[in-house]
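Subject: Structure handover and notes

Hello,

The structure I mentioned is below, with the notes that go with it. Please read them with the viewer open.

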Amino acid sequence: MQNKGAIRFFAIAFALVCLYQISFTYFTKRVENKANQYAYNEMTQQLAKDLAKGDKLKEQFYTDSIGIAKEAYFIDSVSNETAYNFFWIRKYTYKECKARELNLGLDLKGGMNVMMEVSTVDVVRALANHTTDSLFNKAIDLALEKQKVSSNTDFVTLFEESIKSLDPNVRLAGYFSSQLRDQIKLTDDNDAVMSVVRKETADAFDRTYQILRQRIDKFGVAQPNIQKLSASERILIELPGVKEPERVRKLLQGTAQLEFWLSYEAAEAMPYLEEVNKYIASIGGVEEETEEVAEVVEDSTAVETESSLLDSLTENKEIDQTKMTQEEYAKANPLYAVLYPNVTENGQIGQGPVVGYAALKDKAKVDEMIAKAREKKIIPSTVKFLWAAKPIKGSDTYMLYAINVTTRDGSPLLGGDVITDARQDFNNIGNSEISMTMNGEGARSWKKITGSNVGKCIAIVLDDVVYSAPVVNGEIAGGRSSITGDFTLDEAKDLANILKSGKLPAPANIVQEAVVGPSLGQESINSGLTSFIIAFIMVLIYMVVFYNKAGIVACIALLTNMFFLMGVITSIGAVLTMPGIAGIVLTMAMAVDANVIIYERIKEELRSGKSVSTSVTDGFKNAYSAIIDGNVTTLLTGIVLVLFGSGPVQGFAVTLCIGILTSLFTSIFITRMCIEWMLNHKKSMNFSFSFSENFLRNVNYDFVGKRKVFYIIAGAVVLLGVAGMAIRGMNYGIDFQGGRTYVVRFDQPLNTVEVRASLAKQFEDAPEVKTFGPSNQIKVTTKYKIKEDNDEVKSEIVSKLYEGTKEFFKNDITLKEFSSTETNPLGIISSEIVGPTMAKDIQRDAVIAIFAGLLMIFIYIGLRFRRWQFGMGGIIALAHDALLAIGAFALLHGVLPFNMEVDQSFIAAILTVIGYSINATVVIFDRVREYKELYPKRSLQEQVNGAINSTLSRTFNSSGSTLVVLLMMFIFGGEVIRGFIFALLVGVAAGTFSSVCISGPIVFDLLKRKEEKAIAKIEKK
């Protein structure tokens, strides 16, 4: 081997770098173990004190929030202390080590993955000064419709296309010159105007990204991943270890639109509500979409009501107001059936700006009624109603405030742009609040506002909800103010963070979300490690059994490959996910495949009578082309997955690509260095045992002659799968159709049919309920209100899910315990939301990814073998493999007892099958090419048959070792990836068949036809 010294130096240097990178993970875990022990000791002492006082011992210590807080306290206290002293060259703190440790994905660590879409349409509207021009707004609506179909095209381009299609002679400067007068003149042409608009929207996107990054940095999440996806105007955010998804949603989606408004007294605003009530009653109420406003009393007995209350609210004397059923009352007073007015027991209107109270589930109904009345100008523009930010403590009831719009343009008394600083603080009774400091202009305005409104209430509004409405006791100078309310410490910190980071220039909405609880993450780690270790041991045994001492060398190369792979993943900051572990295991199988190719070549050279040393040299040389071609084709599919995949799928692809490169290095160089070292030191080197020496050596089967039988078998199986797709259809996951899924764990086994029937009472359409893993765990999928994405809807769905499943718990569980992933191992342990727009994008990307993968392989094979017939043979075989795997999912979903949804992971499996299957096909094609050069006088049929037969041993061993690895992953890898591994199992089995029985014979048919045409031309001449 040439340049042996340089390769040895590189290998040693590479190993040291990998060791250095991996060492950070060790020192980080050492500190965290100390923190865990500290928390345990502290809690043990606390529990001992509780027992001494007679308090009940808490069984779930590790899930208790106090224990978690103590662990966090220890970490915070040592975060800036030295945790790693690197040979006295450099000292690293815990915080620095944490930033460099192996980055685990959400499915292994727990946490939250969010895809946010920046609302560029709002920026465009603002740049046009919110014009009411009909042409402009029609163009906006048309662009929004186009974006649903082509979301990879930016909104500004779609808007320009739309408005020009509606009016080719439109002058865009007229819309944008008022707001952008410094950059746009009325005489500017449309291209110049749109160039400025495009720059402004791009700047707004960048500022939104930066502000979100600042908020996340202050939130204190370790190793957050924030990526700009500029083409789709989206931002990907991954927050490992986060246990409070509600808090994160508020942090990310808050636009920080801080406003100060003068408020009405309830007595001043109540008449407007009375007019709303009368109007809604006159039109027969609003159309109900969900539950009834109020249940009718079953026996229709009268419900006593206070006449003084009703007298103060209505003048409808035709109704008996002292005695009526709930149904009659709701019909006569539709607004007050869902909004309890701020009226005292003696019928007097209460003081302050609060005009009424409503339950969380009724807020949307109240808003709809007010909106309908506003359309009819029943409510003047000087009055608007806003909800409180939080419910009244201990309930789900929200207060409704009456806001006084005193300015002509509808703007607040003071905006949040005057705030220069915000911080969490405590008031004089120890409650959390947010202290704010204003700039000079804001301080002067605040002094004037407070001085002229003494005795009145000023509402402090953030993102259209009221946080507090204090009474002004006197003029406030100095530009200082505070937001008070029933805040927890974390809520106050988050609000201060949002205000200090600044206002988002464009709203950002969550279009995809996944939450994984820490308990499920730990289980994934355990199952992933178990399956990996078992698969690794099985591969080692397989190689030693078949290849004797050479098998031991392959094991050494395999261990080195795993070490290099983990070092590279850690050093580049790649995220290791559960599919990523599957990628590592698949890499391991492919590394073995390379060794198998080399060893089978060496065995052929030994049979020809060459010495061991010469056989090793020639064996490696003759194996290079097959190894490189096979790995490059798999690498191409990995690159496609990196480009078009997201989340765990992308993690799998990155791991696979890195693994292919490291396995090439270790299989070709490390294996050879070890073998040559043994030969140079006169060590015996055997490449087989007696039983495996001639394994599949003398096979001479006529694969080409039997090709029609193989075609019929392949065609029949593919047709069966296509029929399954047509008749049964595919079980599409929410990735492809949108929706919400929740994995719920119970404390006893349960019947999914009974759970579904119970949930059907809560939801309009009965959700899909399937067992997910063990018999006490289910996966619930629903499309309920999928187009609405706000905290109220999410809370409503969780409440409905709780009401529909709580009876199936053996022990009582509260709603808080059910919905929390932090303090309870039961209830919702993971959730995922995919909006309709995002689902369409995933569908499109999946189709593009598969066709791009096939096209890249076709081009590579065609160029590499210089004949398109080889590329076509490979593509037909790959299409067979993919259709077989897809057909299996169509036929067997709902039959086999594990998840068989078609989602992003399934597409990743199909692409992996394509990449792996072509590997075996390329080895055969490589041998065909070699035989055409070595035996030019043989017939084409003999050449193809000889190539297939001579590589049968390699095909069997490579596929066998891969199937053993996948089977171990299937059995021990856990429910999360079982469907993914099943697709790989079916695909690899199909790929083995197609590589041997389909691809070679198809190449024969295509080349034979070409030869026949050439002969026919010669005969004509």
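Two strands count as paired if DSSP finds at least two bridges between them. By that rule strand S12 (residues 383-387) pairs with strand S13, since 5 bridges join them and they run antiparallel. Please keep in mind that this is a predicted model.

The overall picture

The protein has 1021 residues, and 52% of them count as buried. Its secondary structure comes to 32 helices and 25 strands. If you take the contacts between residues at least 6 apart in sequence, 74% of them join residues at least 24 apart.

Strand S13 and its partners

Strand S13 covers residues 397-404, and 6 of its 8 residues are buried, so the rest of the structure largely encloses it. The bridges to S12 include the one where Val383 stands opposite Asn404 of S13. Strand S11 (residues 354-359) is also joined to S13 by 5 bridges, again antiparallel. Here Ala359 stands opposite Thr397. Strand S7 (residues 258-263) is joined to S13 by 2 bridges and also runs antiparallel to it. In this pair, Ser263 has Ile403 of S13 as its bridge partner.

The eight-stranded sheet

In what order do the strands of the open sheet of 8 follow one another? The order is S5-S6-S4-S20-S25-S22-S24-S23, and the pairing is antiparallel. Strand S5 (225-229) and strand S23 (768-771) are at the edges; each has a single partner strand, so one side of each has no neighbour in the sheet. On average, neighbouring strands of this sheet are turned by 20 degrees against each other, with direction ignored.

Within the sheet, strand S22 (residues 739-745) and strand S24 (residues 777-782) pair over 6 bridges in the antiparallel sense. One position to look up is Val744, which stands opposite Ile778 in S24. Helix H10 (residues 245-253) lies across strand S4 (111-118), strand S6 (234-240) and strand S20 (508-516). The angle between H10 and S20 is about 160 degrees.

Nonpolar cores

The largest nonpolar core has 123 residues. Met588, Tyr599, Ile861 and Ile981 are the residues with the most contacts inside this core. Leaving aside neighbours within four places in sequence, Met588 is in contact with Ala535, Phe536, Val539, Leu558, Met562 and Val965. Another core, of 51 residues, lies apart from the largest one, and Val124, Leu158, Ala204 and Tyr209 are among its members.

Helix H29

Helix H29 (residues 904-934) has 31 residues and reaches 45 Å from its first C-alpha to its last. That is close to the 45 Å expected at 1.5 Å a residue. Why can H29 be called largely enclosed by the rest of the structure? The reason is that 26 of its 31 residues are buried.

Two residues of this helix, Arg929 and Asp926, form a salt bridge, with their closest N and O atoms 2.6 Å apart. They are 3 residues apart in H29, about one turn of the helix. An α-helix has 3.6 residues a turn, so residues three or four places apart point the same way. Both Arg929 and Asp926 are buried.

Helix H20 and other salt bridges

A search of the whole structure finds 28 salt bridges. One of them joins the side chains of Glu676 and Arg672, at 3.0 Å from N to O. These two residues are 4 apart in helix H20 (residues 648-680), so about one helical turn separates them. Glu676 and Arg672 are both buried.

Ile670 lies in H20 too. Is Ile670 buried or exposed? Ile670 has a relative accessible area of 10%, which is under the 20% limit, so it counts as buried. Apart from neighbours within four places in sequence, its contacts are Ala11, Ala557, Thr560 and Phe665. The C-alpha atoms of Ile670 and Ile7 are separated by 8.9 Å, although the two residues are 663 residues apart along the chain.

A further salt bridge is the one between the side chains of Glu101 and Lys98, at 2.8 Å from N to O. Glu101 and Lys98 are both buried.

Regards

Notes:
Residues are numbered from 1 along each chain as its sequence is written. This is a predicted model: local features need pLDDT of at least 70, side-chain atom pairs count only at pLDDT 80 or more; totals for chains, interfaces and linings use all residues. Side-chain values use heavy atoms; hydrogens and water are left out. The expected span of a helix is 1.5 Å times one less than its number of residues. Buried means under 20% relative accessible area, exposed over 50%, partly exposed in between (1.4 Å probe, protein chains only). A salt bridge is a side-chain nitrogen of Lys or Arg within 4 Å of a carboxyl oxygen of Asp or Glu. A nonpolar core is a set of buried Ala, Val, Leu, Ile, Met, Phe, Trp, Tyr and Cys residues joined through side-chain atoms within 4.5 Å. Contact means heavy atoms within 4.5 Å. Axes are lines fitted to C-alpha atoms, for helices over the stretch in contact, and angles run from 0 to 180 degrees between N-to-C directions.
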